[in-house]
Amino acid sequence: MPLPTKMTAVGISKTGNSPDVIEEFQFPVPTPGPNQILIKVEWAGVNWSDAQKRRGVWPLALPPFPFALGVECAGTIVSVPTDDEVLKDEEYKVRSLNIGSRVVSFGMAFPNGPMSEYFVTTWDTVYPLPDEISGRTAIATLTPGCTALPLATEAYNVQAGDYVLVHTVAGSVGLFFAQLNKSRGGIVIGTTSTPEKAAIAKANGADHVIIYKTENVAQRVLEITGGLGVHAIFDGVGKDTFQTNLACIRTKGTIVWLGFASGLVEPFAPHITAMKAAKYVFASAAAYFADRKAGREYVAEVFRLVTNGVFKPVVHKEYPLSAEGVREAERELWEGKTAGKCLVKVAAE
Ligand SMILES: NC(=O)c1ccc[n+]([C@@H]2O[C@H](COP(=O)([O-])OP(=O)(O)OC[C@H]3O[C@@H](n4cnc5c(N)ncnc54)[C@H](OP(=O)(O)O)[C@@H]3O)[C@@H](O)[C@H]2O)c1
């Protein structure tokens with residue numbers, strides 16, 4: 001079937017605190033370059049980073065305006081690369097990316113995001129989607145799974161018996177950290193803002209949940225860990241949890257920053273952790289996908305963990321591909337009203 005010439009996409013042409021700056025565009029359907037794949041999108045996800053880009057607090061360069069938001073999508077391939085170098089590439093061949101293949105794409109720095117009816121991207125951000133995983137499940141899983149798995153393996157390798165502190169534990173990424181760390185025999189301590197979110201976190205593997213608005217997090221963590229603190233912290237909050245983390249980490253523990261929901265961490269003197277010999281890692285999932293083979297293996301492992309029941313995707317809500325749909329999702333996300341993943345339904349699977 002011939003492709004349309006125009007497509008709906010949702011994004012921004014300027015930054016702004018209010019989600020009202022989110023617009024619906026009619027962009028031309030992109031013409032893929034020789035090393036690119038064009039995907040007909042069925043599902044996209046809404047991410048904290050989208051809201052940070054829209055608000056102008058994203059610390060890396062933004063693409064030129066206007067651009068579509070988004071970090072991940074699931075859909076069907078409508079055109080494949082033509083570049084000989086790509087066609088000969090062993091990593092390309094092993095992915096079996098053909099016209100009609102069901103696929104996902106995932107990348108933290110897309111120039112034009114996948115919140116659109118068609119999405120063009122270089123082939124190495126495209127991964128096969130197993131038959132048994134629906135596109136909806138894939139997008140409820142992809143970013144949180146591809147963040148939690150490498151960070152809880154390479155930034156700090158969670159072992160049975162480890163005490164692990166997960167901030168924003170009821171968020172889309174937080175729930176996956178809880179599920180994964182629990183499956184490895186870790187003792188998961190989470191923080192969140194409300195008892196309702198605490199109940200969701202407990203149903204997803206958190207052994208202890210601290211309501212940080214009303215409880216003293218450091219005091220509770222020390223009580224739970226017999227005064228020793230936790231082996232590892234996975235922290236998407238940043239600025240507001242910095243001091244608490246110093247009190248909660250045990251000697252020789254590891255603090256993994258994965259985001260800055262409350263703002264960037266202020267500069268600090270490294271010697272402040274000297275008496276604990278604690279380590280810090282600020283880890284973007286993207287770093288673990290720079291190696292193409294490793295990235296493909298992580299995506300495949302994330303889907304295997306869904307199939308064998310370790311990852312149980314939690315969907316907060318589905319929104320339509322429209323300015324109002326994405327505005328509502330970002331409003332709820334930014335106001336802390338979500339638990340689990342916000343999905344954008346673009347087309348029928
Ligand atoms: N490193 C990576 O590659 C990577 C990948 C994906 C996401 N992330 C990061 O992981 C974090 C979570 O992302 P997500 O998409 O899963 O979002 P999310 O956790 O589903 O939603 C964000 C949550 O952050 C909490 N929050 C918001 N403002 C806060 C504040 N000022 N202080 C403390 N908590 C606040 C709220 O949870 P409570 O109600 O529990 O406070 C809110 O629900 C973000 O920082 C994001 O940038 C990093």
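Start with the shell around the ligand, which by class has 10 nonpolar, 14 polar and 1 charged residues. Ala, Val, Leu, Ile, Met, Phe, Trp, Tyr, Cys and Pro count as nonpolar, Asp, Glu, Lys and Arg as charged, and the others, Gly among them, as polar. The model is predicted: local features need pLDDT of at least 70 and side-chain atom pairs pLDDT 80 or more, while totals for chains, interfaces and linings use all residues. Residues are numbered from 1 along each chain as its sequence is written, and side-chain values use heavy atoms, with hydrogens and water left out.

Next, select the 25 residues that surround the ligand (a heavy atom within 4 Å of it). T192, S193, K197, Y212 and A285 are the closest.

Now show K197: one of its polar side-chain atoms lies 2.6 Å from a ligand oxygen atom. At A285, a backbone N or O atom is 2.7 Å from an oxygen atom of the ligand. At G236, a polar backbone atom lies 2.8 Å from a ligand oxygen.

Colour the chain by domain: domain 1 is 6-129 + 314-345 and domain 2 is 143-286, with bounds from an automatic or database domain assignment. Each of the two gives at least three residues to the shell around the ligand. Their centres, taken over C-alpha atoms, are 28 Å apart.

Last, select the boundary between the domains, where 16 residues of domain 1 are in contact with 17 residues of domain 2 (heavy atoms within 4.5 Å).

Definitions and conventions:
A polar contact is a pair of N or O atoms within 3.5 Å; within protein, one must be able to donate a hydrogen and the other to accept it, and residues adjacent in sequence count only if both atoms are side-chain atoms.
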